[in-house]
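User: I would like to learn how to read helices and sheets in a model like this one. Could you take me through it feature by feature?

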Amino acid sequence: MRVHTLDHSDLDPFDRKIIEVLRVDGRISITDLAARVGLSKTPCQVRVKRLVASGVIRGFRAIVDPARLGLDHIAFAEVKLSDTREEALEAFRVAVLRIPEVEECHMIASSFDYLLKVRTADIRRYREVLGERISSLPHVASTSTFVAMETIRDAGG
């Protein structure tokens with residue numbers, strides 16, 4: 001079965017409302033979701049399956065409290081590469097995905113190339129990750145670290 005790829009122009013108001021509700025409560029039952037968006041159960045279920053199959057909804061996850069897991073230290077690392085040709089960028093991208101402490105990695109249009117969000121238990125563990133893992137990624141020329149003192153808003157939950 002070929003799945004049509006959806007983009008924002010393919011989404012109608014029902015699709016948008018389904019997405020809005022699921023972003024807040026991914027565990028809501030189809031029956032309750034249908035009632036919230038003004039559809040009957042079967043059309044709502046078909047729409048959710050279509051949104052998942054097309055990749056608009058990429059999945060569902062548990063949102064955990066990192067502090068309760070002993071992971072409340074957040075640092076942002078600027079990474080400057082020594083080579084920014086496509087082959088070097090790809091080598092960096094592949095390798096950074098292997099570091100579990102790196103929660104986010106963004107290519108940046110700036111004086112540096114990537115911004116990493118790194119979550120660890122404490123500054124000592126961050127120094128280990130930075131020194132042993134991040135600094136040894138392919139083509140890393142330099143890094144600069146910013147430590148978060150307080151999180152005001154976290155999109156992860």
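**Reading the strands and helices**

Analyst: Let us begin with one pair of residues: Val 102 stands opposite Val 118 in β3. The model is a predicted one, and this pair belongs to the pairing of strand β2 (residues 102-107) with strand β3 (residues 114-120), which is antiparallel over 5 bridges. A hairpin of 6 residues joins β2 to β3.

User: In what order do the strands of the sheet lie, and which of them stand at the edges?

Analyst: The sheet is open and has 4 strands in the order β2-β3-β1-β4, with antiparallel pairing. The edges are held by β2 and β4 (140-147), each of which has a single partner strand, so one side of each lacks a neighbour in the sheet. From one strand to the next the twist averages 20°.

User: How many bridges join β1 to β3, and what packs on the sheet?

Analyst: Strand β1 (residues 73-81) runs antiparallel to β3 and is joined to it by 7 bridges; within this pairing, His 73 has Thr 120 of β3 as its bridge partner. Helix α5 (residues 123-134) packs on the sheet, where it touches β1, β2, β3 and β4, and its direction makes about 135° with that of β3.

User: How should I read the burial pattern along a helix, and which residues of α2 are buried?

Analyst: The general idea is that an α-helix has 3.6 residues a turn, so residues three or four places apart point the same way. In helix α2 (residues 30-37), the buried residues are Leu 33, Ala 34 and Val 37. They lie on the same side of α2 because they cover an arc of only 100° around the axis. The face turned away from that buried side carries the exposed residues Ala 35 and Arg 36.

User: What do the buried residues of α2 pack against, and what follows the helix?

Analyst: The buried residues of α2 pack against α1 (13-24) and α3 (41-53), while the residue that follows α2 is Gly 38, with a positive phi near 85°.

User: At what angle do α1 and α3 pack?

Analyst: The angle between α1 and α3 is about 75°, and their axes are 10 Å apart, which means that α1 is roughly perpendicular to α3. Their contact involves Phe 14, Asp 15, Ile 18, Ile 19 and Leu 22 of α1, together with Cys 44, Arg 47, Val 48, Arg 50 and Leu 51 of α3.

User: Which residues does UniProt list for "domain: HTH asnC-type"?

Analyst: The unreviewed UniProt entry lists residues 11-72 under that name. Over residues 11-72 the chain is 53% helix and 0% strand, with the end C-alpha atoms 37 Å apart.

Methods. Residues are numbered from 1 along each chain as its sequence is written. This is a predicted model: local features need pLDDT of at least 70, side-chain atom pairs count only at pLDDT 80 or more; totals for chains, interfaces and linings use all residues. Side-chain values use heavy atoms; hydrogens and water are left out. Buried means under 20% relative accessible area, exposed over 50%, partly exposed in between (1.4 Å probe, protein chains only). Helices (H or I, at least four residues) and strands (E, at least two) are DSSP runs, numbered from the N terminus. The arc is that of the directions from the helix axis to the C-beta atoms. Contact means heavy atoms within 4.5 Å. UniProt positions are given in the numbering used here, feature names are shortened, and annotations may be inferred rather than shown by experiment. Two strands pair if DSSP finds at least two bridges between them. Axes are lines fitted to C-alpha atoms, for helices over the stretch in contact, and angles run from 0 to 180 degrees between N-to-C directions. Angles under 35 degrees count as roughly parallel, over 145 as roughly antiparallel, 65 to 115 as roughly perpendicular and the rest as oblique.
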